[in-house]
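Got your viewer open? Here's a short tour, stop by stop, with something to select at each one.

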Amino acid sequence: VQLQACGGGLVQPGGSLRLSCAPSETVFSIHVMGWYRQAPGKQRELVAIFTSSDTTNYADSVKGRFTISRDNAKNTVYLQMNSLNSEDTAVYYCSAVITSSNYVRLAYWGQGTLVTVSS
């Protein structure tokens, strides 16, 4: 199973982007799914996530600006990012804990998609 993330790009401050992420194949179940990011010279940090108890968690720095959502029929998670600023510039990684179609449960990371906020 691979996680396929897309939607990154260059956006001006105050602008918006939407990221999406989905497994590359049919899976049995998705337990946790969400987004992390890593800015240059910094550690990877949680941005937003659906937990195993079906709640959402957000980093304090994105609350009120970012919204995580999902389409269960498509096993796709989205990250709507509004009011972007330069501190949001980072590589965004999709992450999930998935039970595959052959009932193996593992944690997966996507390849990362670059978000650059600049005028």
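Which strand does Ala5 lie in? Select Ala5 and you land in strand E1. Keep in mind throughout that this is a predicted model.

**Stop 1: Ala5**

Is Ala5 buried or exposed? Ala5 has a relative accessible area of 8%, and the cut-off for buried is under 20%, so Ala5 counts as buried. Now show what surrounds the residue. Apart from neighbours within four places in sequence, Ala5 is in contact with Ser20, Cys21, Trp35, Cys94 and Gln111. Try a distance label too: from the C-alpha of Ala5 to that of Ser24 you should get 9.9 Å, for a pair 19 residues apart along the chain.

**Stop 2: zoom out**

Switch to cartoon and colour by secondary structure. How many helices and strands does the chain have? The tally is 0 helices and 11 strands, so the pattern along the sequence reads β-β-β-β-β-β-β-β-β-β-β. The radius of gyration is 14 Å, and the globule rule for 119 residues gives 14 Å as well, so the chain is as compact as a globular protein of that length.

Draw a box along the principal axes and the C-alpha atoms fill roughly 45 × 25 × 25 Å. Of the 119 residues, 40% are buried. If you like contact maps, take the contacts between residues at least 6 apart in sequence: 53% of them join residues at least 24 apart.

Turn on a surface next. The accessible surface is about 6400 Å², with 46% of that belonging to carbon and sulfur atoms. For the charges, colour the 9 positive and 7 negative ones: their mean positions are 1 Å apart.

**Stop 3: the nonpolar core**

Which residues have the most contacts inside the largest nonpolar core? Select Trp35, Leu79, Met81 and Tyr92 and show them as sticks; the core they belong to has 29 residues. Strands giving two or more residues to this core include E1 (3–6), E3 (17–23), E4 (27–38) and E5 (45–50). Further along the chain, E7 (66–71), E8 (76–81), E9 (90–100) and E11 (113–117) are also on that list. The largest share, 5 residues, comes from E9.

Centre on Tyr92 and show what touches this residue. Which residues is Tyr92 in contact with, leaving aside neighbours within four places in sequence? Among them are Trp35, Leu79 and Met81. The list also includes Leu19, Tyr36, Arg37, Val47 and Phe66, and it goes on to Gly112, Thr113 and Val115.

**Stop 4: along E9**

Stay with strand E9 and select Val97, which lies in it. At 21% relative accessibility, Val97 counts as partly exposed, given that buried means under 20%. Leaving out neighbours within four places in sequence, the contacts of Val97 are Ser29, Ile30, His31, Val32, Arg105, Leu106 and Ala107. Add a C-alpha distance from Val97 to Gln111: the two are 14 residues apart along the chain and separated by 15 Å.

Then move to Ser100, also placed in strand E9. Is Ser100 buried or exposed? Its relative accessible area is 5%, so Ser100 is buried. Not counting residues up to four places away in sequence, Ser100 touches Val1, Val27 and Phe28.

**Stop 5: E2**

Select residues 9–11 to highlight strand E2, where you'll find Val11. Val11 counts as buried, at 10% relative accessibility. Beyond residues up to four places away in sequence, Val11 touches Ser16, Leu17, Leu84, Thr116, Val117 and Ser118. Now label the C-alpha distance to Ser29: Val11 and Ser29 are 18 residues apart in sequence and 34 Å apart in space.

**Stop 6: two positive phi values**

Where is Asp54? Look in the loop between E5 and strand E6 (56–58). Phi of Asp54 is near 70°, a positive value in a residue other than glycine. Asp54 is partly exposed, at 48% relative accessibility.

Finish with Ser83, in the loop between E8 and E9. Phi of Ser83 is near 50°, again positive in a residue other than glycine. With a relative accessibility of 43%, Ser83 counts as partly exposed.

Methods: Residues are numbered from 1 along each chain as its sequence is written. This is a predicted model: local features need pLDDT of at least 70, side-chain atom pairs count only at pLDDT 80 or more; totals for chains, interfaces and linings use all residues. Side-chain values use heavy atoms; hydrogens and water are left out. A nonpolar core is a set of buried Ala, Val, Leu, Ile, Met, Phe, Trp, Tyr and Cys residues joined through side-chain atoms within 4.5 Å. Buried means under 20% relative accessible area, exposed over 50%, partly exposed in between (1.4 Å probe, protein chains only). Helices (H or I, at least four residues) and strands (E, at least two) are DSSP runs, numbered from the N terminus. Contact means heavy atoms within 4.5 Å. The radius of gyration is taken over C-alpha atoms; the globule rule is 2.2 Å times the number of residues to the power 0.38. Accessible areas come from the Shrake-Rupley method with a 1.4 Å probe; for residues, only the protein chains shown count as cover. Lys and Arg count as positive and Asp and Glu as negative; His and the chain ends are not counted. The place of a charge is taken as NZ of Lys, CZ of Arg, CG of Asp or CD of Glu.
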